[in-house]
Amino acid sequence: MTRTLWIDATFRTLDPDRPTATALLTEDEHVLAAGDVAELRAHTTGITSTIGLGGATVTPGLVDAHIHTAGYARDLTTVDLRDCTTQREALAEIARFVAGLEPGRWLFGGRWDANDWPEGLPDRDVLDRVCPDRPAILPSIDGHTHWVSSPALQQLSIDDHTPDPPGGTIERDAVGRATGILRESATLAGEHLMTLHSGDLTDQLRVAQQRLLAVGLTGVHCFDGEDARAAYETLRAAGELAIRVHKSVPLTALDQAIDEGRRTGDGDDWLSTGPVKVFSDGALGSHTCHMGEPFPGGGRGMEVISVPDLVDVVVRATRAGLGVATHAIGDEANHRVLTAYAEARRLAGPPAVRHRVEHTQHLRPGDVARLAALDVVASMQPTHCTSDIRLVERLLAGRDLRSYAWASLLRAGALVALGSDAPVEEPDPMAGIQAAVTRQEPETGHPAGGFEPHERLTIDQAVHGFTVAPARAAGLAAPTGTLRPGAPTDLVAWSGDPWRVPATELGALRALTTAVGGVVRRTTA
């Protein structure tokens, strides 16, 4: 056994009995004690190594409770349109990127946002001009709309006469011609082709986990496909997995998971089975989230799965020992998901691991307490709030909603687990903590005092949302998520003290040392 004394730091343990310490004693992968250096040296024998942390402030390792690590890993090598403010800029960036691609290589990436493009939504014709002979599949920033080229439509077997799939839309022009814009379930075939043609995912995740460690993440709840699960299993078997992964089951693999006897929480401390991922609606940016009232331009968004069908999924999963995590953004979607969870609970009883609502962005006032009463996890992403402030002000003004209601949910007694939804947002947890505490755009400070400031979190609550709450959402008991005795030795040394720096500077803090399982996995000079 290896005993390590970690010194020269202020440890924020998240242990109410000893919230701070100046030294930490660990044995292999777990914490033995927190205290001061003299105390731990005096009462302990067998220390085999000492690690100094340069006077840093140390927290438990942070966990992203909602991330698409396969999507993030693939996006590191694809075209990036996030900063394009017009369609013209996007096309110029695509042309530049394509010029460096070898012949026959598919074009992926994108993450474009046409909400403020003066030209409006793009189409396949303009995309064909810059890559006429190359299949291109470019997800929007929220991932719920795909912009595809004519060669890609052919590969997808989509033409002007292809019917809309259930829960999805193939956009068409005034004469019925497919425009190259696909929404919701119409994008699933495109995602399958991205899986086939995007390169070696194991290699990509090997690189991506280093990026995640560099921002202070020691664990993730990953909501990508079975290919991601297989890639993580390969890394685990090779001894190359450096972060802890709670891996969801896509709805398309539910039958397989049940047949194989998978249960949420199965696995080990490094790779475990997560909940079944279901979509109930779309996204605000794509105007496909399911709302109770119409958008200003018309339409209420999209119902991707009906309440009876969701009840069936939840009952089957519950009886098989699997949790369910349902994507819901609009108030109508959240209301229907909670209705389905209540009915499934009546039919199948309480789940072994709590069910979740992913995003939980816009709630009716009565659904805040209902979510808590049903013991459902609210899995939320603070930077969605700060990215969407102006969109919410434009599209949802005047509605009696609780938007990004982190504080209200906590007051109601709900478990609120925080994440990023990368690659939709950057997977930097300190940026998420700043968003949770300020509810302001980081670049502009808009709005003064924060968007709906009564929903701001304290620094304690925000850090809890990235540590203890993800552990509980995954069904892990105390002391996981803290630096108390018995907890995993997952920790991060920061360039400043999150409890002392101004709230507007939290996102500037950098992870200097990241350790997982008692091993330093990443250091920054």
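In this predicted model, the largest nonpolar core holds 92 residues, and Leu-284, Leu-409 and Ile-433 are the members that touch the most others. Beyond its neighbours within four places in sequence, Ile-433 is in contact with Leu-62, Ile-459, Ala-462, Val-463, Phe-466 and Leu-506. A second core, separate from this one, consists of 20 residues, among them Ala-90, Trp-112, Val-126 and Ile-181.

**The six-stranded sheet**

Six strands form an open sheet in the order β7-β8-β9-β10-β12-β11, and the pairing is mixed. The edges are occupied by β7 (79–80) and β11 (168–172); each has a single partner strand, so one side of each is left without a neighbour in the sheet.

From the β7 edge, β7 and β8 pair in the parallel sense over two bridges, and Gly-109 in β8 is the bridge partner of Val-79. Together with helix α3 (residues 87–98), β7 and β8 make a right-handed β-α-β unit. Strand β8 is also joined by two bridges to strand β9 (residues 136–139), and these two strands run parallel. Here the bridge partner of Leu-107 is Ala-136 in β9. The chain passes from β8 through α4 to β9 in a β-α-β crossover that is likewise right-handed.

Further along the sheet, β10 pairs with strand β12 (residues 178–184) in the antiparallel sense, over three bridges. Trp-147 stands opposite Ile-181 in β12, and Ile-181 is one of the residues of the second core.

The residues of β8 show how this strand is enclosed. In a regular strand the side chains alternate between the two faces of the sheet. In β8 both faces are covered: Leu-107 and Gly-109 on one side are buried, as are Phe-108 and Gly-110 on the other.

**Aromatic pairs and charges over rings**

The model contains four aromatic pairs. Trp-106 and Phe-108 form a stacked pair, with 5.9 Å from centre to centre and 15° between the planes. Both Trp-106 and Phe-108 are buried. The pair of Trp-112 and Trp-147 has ring centres 5.8 Å apart and planes at 80°, so this pair is edge-to-face. Trp-112 belongs to the loop between β8 (107–110) and α4 (124–130), whereas Trp-147 belongs to strand β10 (residues 145–148); the pair therefore ties together parts that are 35 residues apart in sequence.

How far are Trp-112 and Trp-147 buried? Trp-112 has a relative accessible area of 2%, and Trp-147 has a relative accessible area of 0%. Since buried means under 20% relative accessible area, Trp-112 counts as buried, and so does Trp-147. Ring pairs also bring in Trp-117, which is linked with Trp-112 and Trp-147 into a cluster. Trp-112 is also among the residues of the second core.

Two arginines lie over the faces of tryptophan rings. Arg-244 is placed over the face of Trp-270, at 4.4 Å from the ring centre. Arg-439 is placed over the face of Trp-406, also at 4.4 Å from the ring centre.

**Backbone features in loops**

Two cis peptide bonds, each preceding a proline, are listed below with the loops that hold the prolines.

| Cis peptide bond | Omega | Loop holding the proline |
|---|---|---|
| His-446 and Pro-447 | about -10° | between α15 (429–438) and α16 (459–465) |
| Ala-478 and Pro-479 | about 10° | between α17 (468–473) and β22 (491–494) |

Positive phi values occur at Leu-14 and at Arg-111. Leu-14 is not a glycine, yet its phi is about 65°. Leu-14 is found in the loop between β1 (3–12) and β2 (20–21), where its relative accessible area of 25% makes it partly exposed. Arg-111, which is not a glycine either, has a phi of about 55°. Arg-111 lies in the loop between β8 and α4, the loop that also holds Trp-112. At 11% relative accessibility, Arg-111 counts as buried.

Technical notes:
Residues are numbered from 1 along each chain as its sequence is written. This is a predicted model: local features need pLDDT of at least 70, side-chain atom pairs count only at pLDDT 80 or more; totals for chains, interfaces and linings use all residues. Side-chain values use heavy atoms; hydrogens and water are left out. Rings of Phe, Tyr and Trp (its six-membered ring) pair if their centres lie within 6.5 Å; planes under 30 degrees apart count as stacked, over 60 as edge-to-face and the rest as tilted. Buried means under 20% relative accessible area, exposed over 50%, partly exposed in between (1.4 Å probe, protein chains only). Helices (H or I, at least four residues) and strands (E, at least two) are DSSP runs, numbered from the N terminus. A charge sits over a ring if NZ of Lys or CZ of Arg is within 6 Å of the ring centre and within 35 degrees of the ring normal. Two strands pair if DSSP finds at least two bridges between them. A nonpolar core is a set of buried Ala, Val, Leu, Ile, Met, Phe, Trp, Tyr and Cys residues joined through side-chain atoms within 4.5 Å. Contact means heavy atoms within 4.5 Å. A crossover is right-handed if, with the strands pointing away from the viewer, the path from the first strand over the helix to the second runs clockwise.
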